[in-house]
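Biologist: I am new to this structure and would like to learn how a pair of packed helices is read, and after that a pocket. Could you take me through them in turn?

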Amino acid sequence: MKFTIPANAAAKPFKKHWKFCVGSGHAALAMRTDYCEQLKQIHDDLGIERVRFHGIFSDDMHTYDTMATVMPMPGAEQIPFYESSFRLPGLVYDNVLKAGMKPFVELSFMPSQMAKRPTRGTFYWKPNIAPPKDEAQWKAHIQKFIRFLLNRYGKEEVESWFFEVWNEPDLKTPFFDGTQEEYFRLYEITVQAVKAVDDKLKVGGPATSNSKWISAFVQHCKEHSLPVDFITTHQYAGDPISEMCNQSEEDHNQTTEEIQQEYQVDMAQLFAGLKPEDGLLPMFRRVMPENTETADLNRDLLRDAALQVRQQANGLPVYYTEWNACATFGAPGNDTRKIAAYDVRAALCAEDALEGSSVWCFSDIFEELHPFPEEFHGGFGMMSQHGIPKPVYHALRLLNQAGDERLELPGALDGEISTAAFCDAAHTQLTVMATKQNLHHFAELQTPATPVELEVALDAAPKSVEICRIDEEHGNPLKCWQLMGEPEDLTPAQVQQITAESAVTYEKLPFTYENGAAHVTFSLGTNDIAFVRFVK
């Protein structure tokens, strides 16, 4: 397969929207040393500017305690004592800023003592996901929080942050025990509370899954004269929960019991043949299979959804504050290069459809469902628990380094092999990214490698041509760990060994130069990625 980069290709600024933000495990984890070290590395290597996480108001952050919190005895909840403190959020945001990043503040979840209902989300750390029982109390809590931030960090700094109301309120069981109407009311009282303290702070929503509720949210804000500075939503190519943009309000108003009944399974049959000594992860994967291995998925979903949301947003900036290929935690493919191949291509396809985005997420230091002990357990992170870079980390690092200008090559991303070309600011080098994906799903298929020929028009022979690969033998820490015997408790020496063995670097690539063009050839297997650098 041959690709030509012409001499007259127009160039435009390369937005790198995925550098806007990155997702993360819940807020309390940001007080861990290893988390902070990895966050700084993500910023330094990938250039990512912000981090977003759930749960800044969850019980483990102790932002609102009562006597019942301190002494959980009968009648303690009737004692008129409460304390609103943001000491722990301050430690969290201190660490974010020390890493060179800014917080993308997700205003969630509900302190239990303030909640309308005792509903807990389906997380390992069990946040309360109900609306507030007393709107005035919630507004006072939000205003005290904003004043705390302004006092601690200064008006100029905090006004550079983004404030997002809640997370995926359209998903009733895991994230919001309320109706669409209740979420809109929560947004209303929250944005009013924030703006009453500082009307220059940027506030938005609805932070829904699968690009839903945007039209209704924008219309509600218009009808009620509510401030909204930006639109946020999420999109995963392989989301097992719901389809894009079409969940009705009737669906959302199902009770928790009705939802649970829909997902009843024969547990005995599901776990047939498994033994306790097999461990928790194989059992979990029986319940949560990875549909990206078998389903026909739309690899253009992020772009298509973003274009649709942009039309619905009525001119407001659009940010995808979560996106990736797979929404299934524990899926084996999350540790492989198929995520890298999807993310690189999806990011490039969606470049002109949104203002900024946030890949979910940066590290396997993560506890939404369970802190699995296996180093490679299918976590969402770009890095393993011990900070070993996965293929997607390498891919986004290389994409960040590719250049600040992107050449316009119509149709270059449309085929089975996708290509994109970039120039550095001084126009001293040109980098071509090429990746091969299965057009139907993203499984690691054992298909024959495809020969690729690049023809790049240059006014003189390049000084050198180099290639950096992400494939079965390069940038594959999962394979290194498996060859090591899959140790559960890695020593520092083992972490260093896997990191070194799975590192990716540029190597010399033979080339020819004739008739004003440089020619190189290489091969790509399914989900392989190659960055080819022409140094002028």
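Modeller: Helix 4 and helix 6 are oblique to each other, where oblique means an angle that is not under 35 degrees (roughly parallel), over 145 (roughly antiparallel) or 65 to 115 (roughly perpendicular). This is a predicted model, in which local features need pLDDT of at least 70 and side-chain atom pairs pLDDT 80 or more, while totals for chains, interfaces and linings use all residues. Residues are numbered from 1 along each chain as its sequence is written, and side-chain values use heavy atoms, with hydrogens and water left out.

Biologist: Which numbers describe the axes of helix 4 and helix 6?

Modeller: Two packed helices are described by the angle between their axes and the distance between the axes. Here the axes of helix 4 (residues 135-153) and helix 6 (residues 180-197) cross at roughly 40 degrees and come within 9 Å. The contact (heavy atoms within 4.5 Å) includes Trp138 and Ile142 of helix 4 and Leu186 and Ile189 of helix 6.

Biologist: And how is the second largest pocket read, and which residues lie nearest its centre?

Modeller: Rolling a probe the size of a water molecule over the atoms shows where empty space is left. A pocket is an open set of points on a 1 Å grid where a 1.4 Å probe fits, with protein on both sides within 12 Å along at least five of seven lines, and lining residues have an atom within 4 Å of a point. The second largest pocket holds about 370 Å³ of space, and of its 21 lining residues Lys12, Leu348, Asp352, Arg406 and Leu413 lie nearest its centre. Strand 14 gives the most to this lining, with three residues.

Methods
Points joined across faces, edges and corners; volume = space filled by probe spheres on them. Helix = DSSP H or I, 4+ residues; strand = E, 2+ residues; numbered from the N terminus. Axes fitted to C-alpha atoms, helices over the stretch in contact; angles between N-to-C directions.
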